[in-house]
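User: Please take me through this model by asking, for each label, what justifies it.

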Amino acid sequence: MAPKPGTLRHAMIQKKPLWIIFAHSMVIKLSQELIVSSHKTIDARGANVHIAYGAGITIQFVKNVIIHGLHIHDIVSAPGGTVRDSVDHVGFRTASDGDGISIFGSTNIWLDHLSMSNCQDGLIDAIQGSTAITISNSHFTHHNDVSLSIFYG
């Protein structure tokens with residue numbers, strides 16, 4: 001099933017570069033992980049936007065992603081299944097482990113002004129050869145495992 005136009009998930013599967021802004025404050029409860037595609041900016045400035053009480057954000061094998069101003073908290077593992085990761089592809093995903101943000105094999109990622117807490121696994125995982133990652137001006141609370149970084153070369 002294709003995501004509804006105007007939703008964050010719909011914006012993430014578009015092939016063209018996008019700068020996503022929010023018209024108003026909201027809490028987004030993801031039933032499955034949100035797969036981010038290349039050349040996307042998620043900009044929550046001017047709104048109080050929470051990703052909470054569901055799955056987290058996955059940045060996998062992409063480049064040029066900016067996430068700014070989100071509150072990411074109370075993330076839990078979510079069931080796998082078919083997840084649309086582009087306008088013309090649906091793939092099978094295993095269950096997510098409850099990371100707030102998972103970065104896998106990606107480059108040129110900037111996470112800025114995030115507030116993150118209470119994720120079931122880690123707050124941020126950056127693994128599998130991910131490079132050029134900047135995490136700046138963020139606030140991490142209520143968690144023992146803030147960041148896992150394993151780089152394979």
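Analyst: Two strands pair if DSSP finds at least two bridges between them, and strands (E, at least two residues) as well as helices (H or I, at least four) are DSSP runs numbered from the N terminus. This is a predicted model, in which local features need pLDDT of at least 70 and side-chain atom pairs count only at pLDDT 80 or more, while totals for chains, interfaces and linings use all residues. Residues are numbered from 1 along each chain as its sequence is written, and side-chain values use heavy atoms, with hydrogens and water left out.

User: What is the strand order of the open sheet that contains strand 2, and what is the sense of its pairing?

Analyst: The order in this open sheet of five strands is 2-5-8-13-16, and the pairing is parallel. Strand 2 (26–28) and strand 16 (139–141) each have a single partner strand and therefore stand at the edges, with one side of each left without a neighbour in the sheet. From one strand to the next the twist averages 15 degrees, where axes are lines fitted to C-alpha atoms and angles run from 0 to 180 degrees between N-to-C directions.

User: What makes strand 13 and strand 16 a pair?

Analyst: Strand 13 (residues 115–117) and strand 16 are joined in the parallel sense over three bridges, and because at least two are required, the criterion is met. Within this pair, Ser-117 stands opposite Thr-141 in strand 16.

User: Why are strand 1 and strand 15 called edge strands?

Analyst: Their open sheet of five strands runs in the order 1-4-7-12-15 with parallel pairing. Strand 1 (18–21) and strand 15 (131–136) each have a single partner strand, so one side of each lacks a neighbour in the sheet. Neighbouring strands of this sheet are turned against each other by 5 degrees on average, direction ignored. Strand 1 pairs with strand 4 (residues 40–43) in the parallel sense over four bridges, and Leu-18 stands opposite Lys-40 in strand 4.

User: How many bridges join strand 11 to strand 6 and to strand 14?

Analyst: Strand 6 (residues 57–60) and strand 11 pair in the parallel sense over four bridges, with Ile-57 opposite Ile-101. Strand 11 and strand 14 (residues 124–127) also pair in the parallel sense over four bridges, and there the bridge partner of Ile-103 is Ala-126.

User: How do you know whether Met-12 and Ala-95 are buried or exposed?

Analyst: Buried means under 20% relative accessible area, exposed over 50% and partly exposed in between, with a 1.4 Å probe and protein chains only. Met-12, in helix 1 (residues 8–12), has a relative accessible area of 0% and is therefore buried. Ala-95, in the loop between strand 10 and strand 11, has 53% relative accessibility and so counts as exposed. Contact means heavy atoms within 4.5 Å; leaving aside neighbours within four places in sequence, Met-12 is in contact with residues including Ile-20, Leu-34 and Ile-42, while Ala-95 touches Ala-78, Pro-79 and Gly-80.

User: Why is Asp-99 said to have no salt bridge?

Analyst: Lys and Arg count as positive and Asp and Glu as negative, with His and the chain ends not counted. A salt bridge is a side-chain nitrogen of Lys or Arg within 4 Å of a carboxyl oxygen of Asp or Glu. Asp-99 is buried, and the nearest side chain of opposite charge, Arg-93, is 9.5 Å away, so the requirement of 4 Å is not met. Asp-99 lies in the loop between strand 10 (89–93) and strand 11 (101–104), and a polar atom of its side chain is 2.8 Å from the backbone nitrogen of Gly-122.

Definitions and conventions. A polar contact is a pair of N or O atoms within 3.5 Å; within protein, one must be able to donate a hydrogen and the other to accept it, and residues adjacent in sequence count only if both atoms are side-chain atoms.
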